[in-house]
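Me: I am just starting to read protein structures, and I would like to take a close look at one helix and what surrounds it. Could you walk me through it slowly?

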Amino acid sequence: MDLSCTPEEEEFRGRLREWLAKVLPTLPAGPSPDDWPGRRAYDLGWQRMLYDAGYADVHWDASPTTRLIFLEETEKAGAPYVGAGFVGLLHAGPTIAAEGTAEQRARWLPPILRGEEVWCQGFSEPGAGSDLAALRTRAWRDGDDYVVSGSKIWTSHAEVADWCELLVRTDPDVPKHQGITWLAMPMDAEGITVRPLRTLAGSAEFAEVFLDEVRVPVGNRVGAENDGWRVTMVTLSFERGTAFVGEVVACRRVLGELACAARENGRWDDPVLRRRLGRLEAEFRALWRLTQWNVSEAEASGGVPGAGGSVFKLRYSQARQELYDTAADVLGPDAFDLDRPWVLDRLSALSYTIAAGTSQIQRNIVAERILGLPKGR
Amino acid sequence: MRFQLSADQRALRAGVRELLERRFGREALRAAVDTPGRLDRELWRALGDAGFFALRQPEADGGVGLGLPETVLAFEEAGRALLPGPLVATHLAAGTVPGAAGGETVVAAVDGELVEWLDAADVVLGDTGGAAPLRSLDPLTPLHRVPAARDGAATAPLADLLTAAEQLGTAVRVGELAVQHARTREQFGQPIGAFQAVKHLCADLLVRTETARVAVYAAAVTADPADIAAARLLADEAAVHGARDCLQVHGGMGFTWEADVHLHLKRAWVRARRGGGSTESEELLAARLVA
């Protein structure tokens, strides 16, 4: 067991730190949460800076440890979040890289890396959330096109996306995990209606997408027809791998800020609150170790994230909610003022035990795939 | 970064597990329950011969010359096997108390207001004046009560780390017992492990265990007091909560003396109060936040 990095990795860390210290002070402040075009421009601009400095493909080509260092250092330095580039860089990109043809890779990957195109995710449907394979959006062949009709929901960045990684049902007569196909749908195609969806945090964080006989070229299919479920599992394993590294670092920073705030407003003298903060520190230290453990394991197995991602997601999503609930105790009456820091974070943290497979689904995955318990209803 | 067990560490863990299965299997465990207060000296010497107490002693002094990570793996196995005796106190006394390293001398230590294994020990560290026996909750850990005055030495970070390793072993074992039972016990025409409510108990048990595991292993690598405090908190939680969930999975059988579950839970409770319990760890970590 070893927690140290190689000299090459440390050199990468040093170079990255130096670069961040140089460029971050030159960045303008970010746009407001509801300014979608502004967010798109800002996030893509940051990606372009990473590209020019040679850090654009760190999510794809670097070793897991190097990726860990990248996420750790950018978050510690307060660099912008991946934002609108999330689906392209962490879902669609890796999926196309692993499953796409040479032509598809050449068409879609460079614009993602250069910060020129935004992707959104068309997986969930009103009738198929955690039971993703129950999706009903239909696609049938018409010449060189698929014709797609149906609707998607919880689609982040849909208003400003150029492409959508879309799951459609191409064969309704086979078991539900078969008969699904993965398509890259251009968001400017005719027949697409995007309707923003207001969340409990008050903002339009994502959208509903309605598809009315949208034509998608057959050449936009990644993987074989009816093989979309397997392709999707590739995508989801990326999501459950290193997707939360930056967030764990951020949570540890917030925890330190909370302790300082508590000292300033006198709540630090309450031993119950103080001990709760101490326990959260134990929690996030362990989550960081779990990240390092999973990354080491992925490195040993050739870069494939394992089922350990479910263990991590279950624990992390809960810890994040506890962190911001504790923030409310530190804030006191300010916890009800939406203009105070951490108040909106407390609301948005509520999605963590739901998004990307609810905690209940994750527990089933742990029980069935890791512990080998029988499948039930 | 290779934050994974090395081949040697895996071999060491397998060796300790094999030794304990051979020398302290289920029959020996239940026999020990039936003879409370008796420490198996032969087993203790066998542990000494295998290097259990001398793992961190330099080879020049007749020790094994390994480090904290290896020691933690050995203590995890001891916890998993529910091995009785003042293991932590004796291990920490190796090199200072003659005979401790080889397993000839059994060393106990006063910890707060309690002492484990006072009568069976050859040497007891700390002030035992006024010690009075308790009818111990844990049939495998005889306890004496001593008048107040906390003993500083007992709360050394190393003792906390080894206790955390034992708790991790307990969490691992109760997880195995719960899953085994959930797979085989049938109700309503199917294994109870097919029911989501049972499945989720088992999944949560594993999540707590694996989170505690990385915390304990990382603390063994860094030996940082804050890492050790974090490991202690998570391992105590994984052991105590895990044993309770295991008991729940066993249903009515879990409430009987015959099932081993209560032995794991009682030991987890006894260990969890060592060194002042969770308060000190939480305060230490809180202090780190504003340091």
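Reply: Here is a walk that begins at one helix of chain B and then moves outward.

Please keep in mind that this is a predicted model. Let's start with helix α1(B), which runs over residues 7–23 and so has 17 residues. From its first C-alpha to its last, α1(B) reaches 24 Å, close to the 24 Å expected at 1.5 Å a residue.

Which residues of α1(B) are buried? They are Q9(B), R13(B), V16(B), L19(B) and L20(B). These buried residues cover an arc of only 125 degrees around the axis, which puts them on the same side of α1(B). On the other side of the helix, A7(B), E21(B) and R22(B) are exposed. To read these words, it helps to know that buried means under 20% relative accessible area and exposed means over 50%.

What do the buried residues of α1(B) pack against? Their partners are three helices of chain B: α3 (41–49), α4 (68–81) and α7 (196–222).

Let's follow α7(B) next. The largest nonpolar core has 141 residues, and V216(B) and Y217(B) touch the most other members. With 14 residues, α7(B) gives the most to this core. In general, nonpolar side chains in soluble globular proteins tend to be buried together.

Now zoom in on Y217(B). Not counting residues up to four places away in sequence, Y217(B) touches R13(B), one of the residues it meets in chain B. R13(B) is also among the buried residues of α1(B), which brings us back to where we began. The other chain B residues that Y217(B) touches are F3(B), L5(B), V72(B), L73(B), E76(B) and L168(B). From chain A, Y217(B) touches M1(A) and W293(A). Apart from this core lies another one, of 27 residues, among them F86(A), V87(A), L132(A) and W163(A).

Let's step back to chain B as a whole. Chain B holds 10 helices and 7 strands. Its radius of gyration is 19 Å, close to the 19 Å that the globule rule gives for 291 residues, so chain B is as compact as a globular protein of that length. Along its principal axes, the C-alpha trace of chain B spans about 60 × 45 × 40 Å. Of the 291 residues in the chain, 57% count as buried. Among the contacts in chain B with a separation of 6 or more, residues 24 or more positions apart account for 69%.

Chain B also has a sheet worth a look. In what order do the 5 strands of this open sheet lie? The order is β3-β1-β2-β5-β4, and the pairing is mixed. At the edges are β3 (123–125) and β4 (132–133), each of which pairs on one side only. One of the pairings joins β1(B), residues 107–111, to β3(B) in the parallel sense over 3 bridges. Within β3(B), V124(B) is the bridge partner of A108(B).

For a contrasting picture, try a hairpin in chain A. Strands β2(A) (138–142) and β3(A) (145–156) run antiparallel and are joined by 5 bridges. W140(A) stands opposite V147(A) in β3(A). Between the two strands of the hairpin are 2 residues, and G143(A) in the turn has a positive phi of about 65 degrees. β3(A) also pairs with β7(A), residues 206–217, in the antiparallel sense over 9 bridges. There, Y146(A) stands opposite V216(A) in β7(A).

How values were computed: Residues are numbered from 1 along each chain as its sequence is written. Chains are lettered from A and ligands numbered from 1 in the order in which they are written. This is a predicted model: local features need pLDDT of at least 70, side-chain atom pairs count only at pLDDT 80 or more; totals for chains, interfaces and linings use all residues. Side-chain values use heavy atoms; hydrogens and water are left out. Helices (H or I, at least four residues) and strands (E, at least two) are DSSP runs, numbered from the N terminus. The expected span of a helix is 1.5 Å times one less than its number of residues. Buried means under 20% relative accessible area, exposed over 50%, partly exposed in between (1.4 Å probe, protein chains only). The arc is that of the directions from the helix axis to the C-beta atoms. Contact means heavy atoms within 4.5 Å. A nonpolar core is a set of buried Ala, Val, Leu, Ile, Met, Phe, Trp, Tyr and Cys residues joined through side-chain atoms within 4.5 Å. Two strands pair if DSSP finds at least two bridges between them. The radius of gyration is taken over C-alpha atoms; the globule rule is 2.2 Å times the number of residues to the power 0.38.
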